[in-house]
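Subject: Handing over a structure, with notes on what was found

Dear colleague,

I am passing a structure on to you, and I would ask you to keep it open while you read the notes that come after it.

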Amino acid sequence: MGKQWELFLRTHWKSGLSCVCGTVILSGLVIWGGAYWLTDGQPVSFFHFLQNYRLVKNNYFRPINEEALWQGASKGMLASLEDPYSSILAGDTYNSFMETTNGEYGGIGVVMGLDADGFIRIFNVFEGSAAEKAGIRNGDIILSVDGTDVNDLGLTGTAQAVRGENGTEVNLSIAREEKTLDFAVTRSNVSLPTVLSRMVDDHIGYIHIFTFSRHTPEEFKKQLSSLKDQGCEKLIIDLRMNPGGMIDSVVNVADQILTGGTVVSYHTRHQGSENFTIKGIENPMPMAVLIDRNSASASEILAGAVQDKKEGIIIGETSYGKGTVQAVYPDGDREALKISIAEYRTAAGRIIDKKGIVPDIPVKQTGHPFILSSDTVFQKAVDVLKEEGNRDET
């Protein structure tokens, strides 16, 4: 058997070597072609990255977590885009994003934001919420959360600190009428409304939209119907401090209050553009839409559509100017990639990214927003709608 094998090798070694070489070359071509395809013709950069990865892994003087290396590479790749809306969502950031999208929050049931003086103020306490039961009121200023000064947390950090697991307690230090009050509030998991409404005059209704989640169109429909039953003939829609949300949600809301046609267009790098159109209604009621520098994304879509269609008056401050669309690609239950995939434009084709929606009537807030008795932007909207009624009568 040994001699036969030796004879076989002597007579076939060249063809065997050719097969091995052919396999190696073919594998190399496949790898190179795959890298070329993945990198849009820049395989050298890809292999340079792999070389750096190997050098770091083999030579760094402390123990290395390989998973952390790959996560760091992903974060660095997104950071190179210099796009604040493209990021890796993980941990608390991921949970907070999903809660906001779904309109389901664990916490105490308030809306908070920065007031004109830079304080973190509670603008709305939801009825039946843990905060209301504890005695927290609209207009209260948050000083600290569980002993940590809000100046160290910032607005986002404060909101995250207030949220927590159902049944746990959060301690808030509150400023109210030159007094400092302490509250221990037991968090509860509730699905908070994204739309609230009230009548503010015999014929003027007010709808506050906090965010555009998957539930918002249905909530808006119910609130609008209720206002009409109470005699609403003119409408104030408050989009201040509304960070936006889902594009389908805002288009659905627009369908309930505006005439038919394009609401927003959507422009990608490779797939061209797409128009979001609505059937709409025949006779929109007189309308004022309130915006501020924190009105972003979907809020700007709605305000821009109202303005472009000339079916309402925009009042307040120039909006934030977020004109890009993000897609979220989950990677399991605790992490996702969020990346900007398109630019949107208003109904008339205006680009608003980094520009915002400029109000028809600029009004600087001097009172407390959402506290209607002192809210100067809201009061201006009431005056404008009343004056419009007087013009119609004459």
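Let me begin with D353, which is buried, since its relative accessible area is 18% and the cut-off for a buried residue is under 20%. Please keep in mind throughout that this is a predicted model. D353 has a salt-bridge partner in K354, and the closest N and O atoms of the two are 3.5 Å apart. K354, in contrast to its buried partner, is exposed, because its relative accessible area is 74%.

Just before this pair in the numbering you will find I352, which sits in the loop between strand 18 and strand 19 (361-362). With a relative accessibility of 1%, I352 counts as buried. In space, I352 and G304 are 9.0 Å apart from C-alpha to C-alpha, although 48 residues separate them in sequence.

Salt bridges elsewhere

A search of the whole structure finds 10 salt bridges, and a few others deserve your attention. One of them joins R293 to E317, with 3.4 Å between the closest N and O atoms. R293 belongs to the loop between strand 15 (287-291) and helix 9 (298-308), while E317 belongs to the loop between strand 16 (313-316) and strand 17 (324-330), so this salt bridge ties together parts that are 24 residues apart in sequence. R293 counts as partly exposed at 44% relative accessibility, whereas E317, at 18%, counts as buried.

Another salt bridge is formed by D238 and R240, whose closest N and O atoms are 2.7 Å apart, and both of these residues are buried. D238 and R240 are also linked with D375 in a network of salt bridges.

The second largest pocket

The second largest pocket has a volume of about 460 Å³. It is lined by 17 residues, of which D83, I339, S340, I341 and A342 are the closest to its centre. Which strand gives the most to this lining? It is strand 18 (residues 335-346), which contributes five residues. By character, the lining of the second largest pocket divides into six nonpolar, five polar and six charged residues.

Backbone and surface

Two residues have a positive phi although neither is a glycine: E178, at about 65 degrees, and F370, at about 75 degrees. E178 lies in the loop between strand 7 (169-176) and strand 8 (179-186), and F370 is found in the loop between strand 19 and helix 10 (376-393). Is each of them buried or exposed? E178 is exposed, with a relative accessible area of 87%, but F370 is buried, with a relative accessible area of 7%.

On the surface there is a nonpolar patch formed by F49, L50 and W70, which together have about 260 Å² of accessible area. W70 is part of helix 3 (residues 66-79), and it is partly exposed, with a relative accessible area of 39%.

Finally, please look at F126, which lies in the loop between strand 4 (120-125) and helix 5 (130-134). F126 counts as buried, because its relative accessibility is 6%. Its C-alpha is 8.1 Å from that of V111, and the two residues are 15 apart in sequence.

With best wishes

Conventions
Residues are numbered from 1 along each chain as its sequence is written. This is a predicted model: local features need pLDDT of at least 70, side-chain atom pairs count only at pLDDT 80 or more; totals for chains, interfaces and linings use all residues. Side-chain values use heavy atoms; hydrogens and water are left out. On a 1 Å grid over the protein atoms alone, a cavity is a set of points where a 1.4 Å probe fits but cannot get out, and a pocket is an open set with protein on both sides within 12 Å along at least five of seven lines; lining residues have an atom within 4 Å of a point. Grid points are joined across faces, edges and corners, and a volume is the space filled by probe spheres set on the points. Helices (H or I, at least four residues) and strands (E, at least two) are DSSP runs, numbered from the N terminus. Ala, Val, Leu, Ile, Met, Phe, Trp, Tyr, Cys and Pro count as nonpolar, Asp, Glu, Lys and Arg as charged, and the others, Gly among them, as polar. Patches are made of residues with over 30% relative accessible area and no salt bridge: like charges are joined within 9 Å, nonpolar side chains (Val, Leu, Ile, Met, Phe, Trp, Tyr) within 5 Å. Accessible areas come from the Shrake-Rupley method with a 1.4 Å probe; for residues, only the protein chains shown count as cover. A salt bridge is a side-chain nitrogen of Lys or Arg within 4 Å of a carboxyl oxygen of Asp or Glu. Buried means under 20% relative accessible area, exposed over 50%, partly exposed in between (1.4 Å probe, protein chains only).
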